[in-house]
Amino acid sequence: MHYLKIFIGWIREMIKKILLLYITYVLIGSVLIFAIHRNVSPEYAEKSNYENYYSDEVGTDRAIILDNPLESGLARLFVIENAKETLDVSYFSIERGETPNIFLGALFDAADRGVQVNILLDGIFHGLRGARRSTIYAISNHPNMNLKFYEKSNPLLPWTINNRMHDKYIVADNKISIIGGRNIGDKYFAPEWYKKSITNDRDVIIINFSEDNEISAVDEMSSYFNEIWNHKYSQDVNLWTRSIFRKKAEDSANSMREKANKARELYKEQFKNIPDLYNTSLPTNKVTFIHNPIERFSKEPWCWYELVQLCKEGEYSIFIQSPYIIPSKKMTKDLINKEDLENMNITFLTNSLASTPNLPAFSGYQNYRRKIVDNKVNILETQSSNSIHSKAFVIDNDIVAIGSFNLDARSAFLSTESMVVIHSEEVVEEFGGNIFNYTDESLLVNEDYKYVENEKVEGKEANLIKIILV
């Protein structure tokens, strides 16, 4: 009995030591190894040139900005329904609500008529769990559909937790694409049945009208999709239980098809006439697709580097919209360094505490808010009951970048991110007209870190729970 107690005590001590070693391993592998941020390589910097984003002539791509939530959702259905050969779909998250069922139902309909549908989702935040798990089997059972997950988490490889795929885009027939910051969920598209707070975001449709094989941004997006789709981090679904769920999968697919048909009926006026994409779109001089590298650990900040170079070449103004602003020390030095941007009027538009749904992110933003103001950067914080989720950079009156890139270190150094950089005075003008919807209900942060009074905008107070949690 005495020896048994000694043995049990030894086992307990060993378990404690193993747990401590594992916790230390996870801490180092998932947090500390990302503390040092990399620079872009000399080889990459040598290839980069801000002049690559400009053109003196009208280009092959045209663009349509999608700010309105419902119109953005219907635009996705339009692109899916008019695809003839291929649909490449890449999203960070499928969220709550009926919109995902309509979206997936439209993809099933496309596959039914012979379109090859490839769906790539983030391996942790994809959202196809619980009641939606049958969707995985439904997709995998369809002869014209493929599904992959990018970098599933692995407890033995804790650094995989931070290797997330944050891209959000669709490419149809290598001719038309939608890219932006919206995930797939009711709160991003505000359908008629949705009555809660809206998450406002922005997408842009890029249409390739080339007739002589000119390089289009849509081609660049297709190439990127193929690269990440075929990468070792993108994994096929394990279907060892497929036969068990076959009937449930078929029922799930049919239910989603039915919901897509009901959505078409509900919005039949919008679908009655196929829009003339050429005349409803805006001309561009050039559209360029940019993205982060596909690698684990701390990435070279390709997107951030390109955006900063463009900002430094601006002449008088930089406008940045982001749901939160959490730059690292290096990013802060890059962007608000007055030696490089001495004569620039820099404005950030972001959420206030009252509007934000992301309290951890807002807490991080609070650590930088004073320093940003101290560096004479204008901060506008929205006072709406709806939140901002849009990501955009506007430089002077002719460059706008739209996509998935948040102004934080995660987007710069950890996640896959993608943006389109558009050289077009017409697109920037359209963007400017839409942005008033946000700025007209925002307040400027004063030098004392309080709001500048504005008789047209009432400051919105955060509730006590938010204040305590932050």
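**Close-ups of a predicted model**

**View 1. N434 in its helix.** N434 is part of helix α15, which covers residues 425–439. Keep in mind while zooming in that this is a predicted model. With a relative accessibility of 17%, N434 falls under the 20% cut-off, so N434 goes down as buried.

**View 2. What N434 touches.** Leave aside residues up to four places away in sequence, and N434 has I65 and D67 as its contacts. Both partners, I65 and D67, are worth showing as sticks next to the asparagine.

**View 3. Pulling back to the whole fold.** The protein chain holds 16 helices and 21 strands, and helix α15 with N434 is one of those helices. Contacts in the protein chain are mostly a long-range affair: among those with a separation of 6 or more, 83% link residues 24 or more positions apart.

**View 4. Overall dimensions.** Measuring along the principal axes, the C-alpha trace runs to about 85 × 60 × 50 Å. How does the radius of gyration fit with a compact globule? For 470 residues such a globule would come in near 23 Å, and the protein chain has 24 Å, so the two agree.

**View 5. Inside and outside.** Buried residues make up 54% of the 470 in the protein chain. On the outside, the exposed area is about 22700 Å², with 52% of that supplied by carbon and sulfur atoms.

**View 6. Charges.** Count up the charged side chains and you get 53 positive and 64 negative. The centre of the positive set and the centre of the negative set sit 13 Å apart.

Key:
Residues are numbered from 1 along each chain as its sequence is written. This is a predicted model: local features need pLDDT of at least 70, side-chain atom pairs count only at pLDDT 80 or more; totals for chains, interfaces and linings use all residues. Side-chain values use heavy atoms; hydrogens and water are left out. Helices (H or I, at least four residues) and strands (E, at least two) are DSSP runs, numbered from the N terminus. The radius of gyration is taken over C-alpha atoms; the globule rule is 2.2 Å times the number of residues to the power 0.38. Buried means under 20% relative accessible area, exposed over 50%, partly exposed in between (1.4 Å probe, protein chains only). Contact means heavy atoms within 4.5 Å. Accessible areas come from the Shrake-Rupley method with a 1.4 Å probe; for residues, only the protein chains shown count as cover. Lys and Arg count as positive and Asp and Glu as negative; His and the chain ends are not counted. The place of a charge is taken as NZ of Lys, CZ of Arg, CG of Asp or CD of Glu.
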